[in-house]
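Open the model in your viewer and keep the selection panel at hand. We will go stop by stop.

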Amino acid sequence: MVERIQFVCSLCKYRTFYEDEMASHLDSKFHKEHFKYVGTKLPKQTADFLQEYVTNKTKKTEELRKTVEDLDGLIQQIYRDQDLTQEIAMEHFVKKVEAAHCAACDLFIPMQFGIIQKHLKTMDHNRNRRLMMEQSKKSSLMVARSILNNKLISKKLERYLKGENPFTDSPEEEKEQEDAEGSAQDEGTLVEATEGVEDAEGASAQPPVPPEPAPGAASPPPPPPPPEEDEEAVPLLGGALQRQIRGIPGLDVEADDEEEEGGGGAP
């Protein structure tokens, strides 16, 4: 049921239950840049076919949603079913909260305007989001190629290139298309994970370069000398607690050590 009523943009990996949000996505800079990138790697007519493919899929989802009774209630029920805290008793003091997730930085941010805006202006975030944008575009190309390699969709492309309308599907064809998109998105996710590992390995292979001192700047002070051996060790436990456990086997570490050094007591 979720797949029937949820809008999906396969290349951008965008999903939503709401029609206005899907319309905004299709008109967004993010969506257009992804299709622009795909258009530079594929023939123009093939890229146009993919754009028509996504638009047609959105229209079919709209038609399916019209056949569902109480659509809003169904969407609310889906969100309730996804709340895993409902079955947790109140004495655990665990409840569902809202947070913003920055996928570029892999960070959860409290749902507060000031904190979110502060994060968006950080240097780390702006570097990470640019890197992830490039990675997302490469992943969309892998998804596009995987979709086009599907036997049914490749036939539709052939009809499209001949000037025909290929978007007249039977229910069986629609199911096969959904399976093709699912495997294509999995492949794109695998590519992202592989590239992330390669980037991490490349970053770890390079030793960090210490910053050069500014001209005329004073040299940093030498590190403090190591503590002398005869310096009195700081007890891990408080003095009162150490006196309480003195003489108790298993708890008095000092007594046990003295016993071991003396050759041990009676068995």
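What pLDDT does the protein average? This is a predicted model, and its average pLDDT is 77. Of the residues, 63% score at least 70.

**Stop 1: colour by confidence**

Select helix H6, residues 113–120. Its mean pLDDT of 97 is the highest among the elements of the protein. Now pick helix H10, residues 239–245. H10 has the lowest mean, 48.

Next, select residues 200–217, where the pLDDT is below 50. Beyond near neighbours in sequence, this stretch has zero contacts in the model. Move on to residues 229–242, again with pLDDT below 50. Here the model shows three contacts beyond near neighbours in sequence. Where pLDDT is low, predicted coordinates should not be read in detail.

**Stop 2: the annotated domain**

Select residues 9–31 and residues 102–125. An unreviewed UniProt entry annotates both ranges as "domain: C2H2 AKAP95-type".

Take residues 9–31 on their own. Helix makes up 48% of this span and strand 17%. The C-alpha atoms at its ends lie 9 Å apart.

Then show residues 102–125. This part of the chain is 46% helix and 21% strand. Its end C-alpha atoms are 9 Å apart.

**Stop 3: H3 against H7**

Display helix H3, residues 29–41, with helix H7, residues 123–148. How do H3 and H7 lie relative to each other? Their axes come within 9 Å and cross at roughly 60 degrees. The two helices are therefore oblique to each other. The crossing of H3 past H7 is right-handed.

Turn on side chains to see the contact:

- From H3: Phe-30, Glu-33, His-34, Tyr-37, Val-38 and Lys-41.
- From H7: Met-133, Ser-136, Lys-137, Lys-138, Ser-140, Leu-141, Ala-144 and Arg-145.

Colour these residues by class. Six are nonpolar, three polar and five charged.

**Stop 4: H4 against H7**

Keep H7 on screen and add helix H4, residues 44–66. The axes of H4 and H7 come within 12 Å and cross at roughly 85 degrees. That angle makes H4 roughly perpendicular to H7.

Which residues of H4 and H7 make the contact? Select Thr-46, Phe-49, Leu-50 and Tyr-53 of H4. On H7, select Ala-144, Ile-147 and Leu-148. By class, this contact holds six nonpolar residues and one polar residue, with no charged residues.

Finish on Ala-144 of H7. This residue takes part in the contact with H3 and in the contact with H4.

How values were computed: Residues are numbered from 1 along each chain as its sequence is written. This is a predicted model: local features need pLDDT of at least 70, side-chain atom pairs count only at pLDDT 80 or more; totals for chains, interfaces and linings use all residues. Side-chain values use heavy atoms; hydrogens and water are left out. Axes are lines fitted to C-alpha atoms, for helices over the stretch in contact, and angles run from 0 to 180 degrees between N-to-C directions. Helices (H or I, at least four residues) and strands (E, at least two) are DSSP runs, numbered from the N terminus. Angles under 35 degrees count as roughly parallel, over 145 as roughly antiparallel, 65 to 115 as roughly perpendicular and the rest as oblique. A crossing is left-handed if the near helix is turned anticlockwise from the far one by less than a right angle, and right-handed if clockwise. Contact means heavy atoms within 4.5 Å. Ala, Val, Leu, Ile, Met, Phe, Trp, Tyr, Cys and Pro count as nonpolar, Asp, Glu, Lys and Arg as charged, and the others, Gly among them, as polar. pLDDT is the predictor's confidence in each residue, from 0 to 100. UniProt positions are given in the numbering used here, feature names are shortened, and annotations may be inferred rather than shown by experiment.
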